[in-house]
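Thanks for coming. I will go through one model today, starting with the strands and ending with the ligand.

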Amino acid sequence: MSTPVYNRVALIGLGLIASSMFWAMKRGGLAGDVTGFAKSEASRDTARRIGLCDRVCDSAAEAVADADLVVLCVPVGAMGAVAKEIAPHLKAGATVTDVGSVKRDVIDAVGPYLPESVHFVPAHPLAGTEHSGPESGFAELFDNRWCLLVPVEGSDPEAVAQLRALWEGMGANVDEMDADHHDLVLAVTSHTPHLIAYTMVGVADDLRRVTDSEVIKYSAAGFRDFTRIAASDPTMWRDVFLTNKDATLEILGRFTEELFALQRAIRTGDGDHLHEYFTRTREIRRGIIEAGQDTAAPNFGREVPKS
Ligand code: NAP
């Protein structure tokens, strides 16, 4: 067993990301002892039942006492309140990090509550599924995925390096990025695509009322993939859009302009425009596969479900 990167880790919030972190830390022997806390008794009971965390506590204050690393794994909109609650109980010299999908808002919400004696190193693992809750995590979630560290002004380089070692131990590739740049990149690669998926599934649902169950029955790959994304946790995604407002609106504006251009090409029968556009976008998929971020197998390598 390798030497732990941190002796004591506290996970606040026990959903998909926290539970995956716990199993990944156990797999790699990266943490000596892990405490956890979730808001509801139901989630805490589930965590105890499945052995998620070495000790599940009944308050966030109790979970963070003595922790060398505190990881905020709650929805982005809850980060500030949690930071306020735990601040008086943090050990001097501890590192506080988070896994929130938006960085500027989390830094502004959490930073002011933290005492000077602790290090603050925000982070965001670019890995997830449409599932949530304590039972949804698995040790391999971060393998070969990126984790972006977003150090704040004055972040201690040693604290940053230690957190990098943890994420690398959990299988991730690690990069550092500035908060505003992170929020713009994620608006393009994750946040706006989710909004588009939510919209498309909403449109199909409205149509379903007209065409009865055909939308579900004949659901083809394009729509099915949208439904997977649109099944993501409503609280998490509400908070993402409320807190990454400017970047999402900027990208949505560009998206709308492109959509109008494609709409016009369809109306005017401009096949060259459509063909050139689709040729360019196909290259993006090739790039993602070459970068090892997805499989080249048809239909994402999925097996056809047996009926
Ligand atoms: P999740 O599965 O829905 O779990 C959220 C957890 O936070 C639950 O255990 C919930 O407790 C707890 N919680 C909520 N408010 C709380 C509070 N005030 N105090 C203590 N615990 C609280 O969420 P997740 O997918 O792990 O996401 C967690 C964070 O990771 C979010 O900030 C999200 O933006 C980020 N993230 C998510 C993904 C993804 O794909 N899912 C990817 C990267 C980053 P209860 O169960 O008791 O309600």
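**Two sheets and a ligand**

Strand β2, residues 31-37, runs parallel to β3, and two bridges join them. Helices and strands here are DSSP runs, numbered from the N terminus: H or I over at least four residues for a helix, E over at least two for a strand. Two strands count as paired if DSSP finds at least two bridges between them.

Before going on, some ground rules. This is a predicted model, in which local features need pLDDT of at least 70 and side-chain atom pairs count only at pLDDT 80 or more, while totals for chains, interfaces and linings use all residues. Residues are numbered from 1 along each chain as its sequence is written, and side-chain values use heavy atoms, with hydrogens and water left out.

Back to β2: its residue G36 has V56 of β3 as bridge partner. Both strands belong to an open sheet of six, in the order β3-β2-β1-β4-β5-β6, with parallel pairing. At the edges are β3 (55-56) and β6 (119-120); each has a single partner strand, so one side of each is left without a neighbour in the sheet. Helix α1 packs on this sheet and touches β1 (6-12), β2 and β4 (69-72), where contact means heavy atoms within 4.5 Å. The direction of α1 makes about 165 degrees with that of β2. For such angles, axes are lines fitted to C-alpha atoms, for helices over the stretch in contact, and the values run from 0 to 180 degrees between N-to-C directions.

Now the other sheet. Three strands form an open sheet in the order β7-β8-β9, and the pairing is mixed. Its edge strands, β7 and β9 (173-176), each pair on one side only. From one strand to the next, the twist averages 20 degrees. β7 and β8 (residues 146-149) are antiparallel and share three bridges. Within that pair, A123 stands opposite L149, and P125 has C147 as its bridge partner. β8 and β9, by contrast, are parallel, with four bridges; there L149 is opposite E176.

That leaves the ligand. How many residues surround it? The count is 28, and the closest are S40, S43, V74, S101 and G133; a residue is near if one of its heavy atoms lies within 4 Å. The shell divides into 15 nonpolar, 11 polar and two charged residues. Among the elements that each supply at least two shell residues are α1 (16-28), α4 (79-86) and β7 (123-125).

For polar contacts, meaning pairs of N or O atoms within 3.5 Å, I have three. An oxygen atom of the ligand lies 2.6 Å from a polar side-chain atom of S40. A side-chain N or O atom of S43 is 2.5 Å from an oxygen atom of the ligand. At K39, a polar backbone atom is 3.4 Å from a ligand nitrogen. Taken alone the ligand exposes 900 Å², of which the protein buries 87%, by the Shrake-Rupley method with a 1.4 Å probe.

Technical notes. A polar contact is a pair of N or O atoms within 3.5 Å; within protein, one must be able to donate a hydrogen and the other to accept it, and residues adjacent in sequence count only if both atoms are side-chain atoms. Ala, Val, Leu, Ile, Met, Phe, Trp, Tyr, Cys and Pro count as nonpolar, Asp, Glu, Lys and Arg as charged, and the others, Gly among them, as polar.
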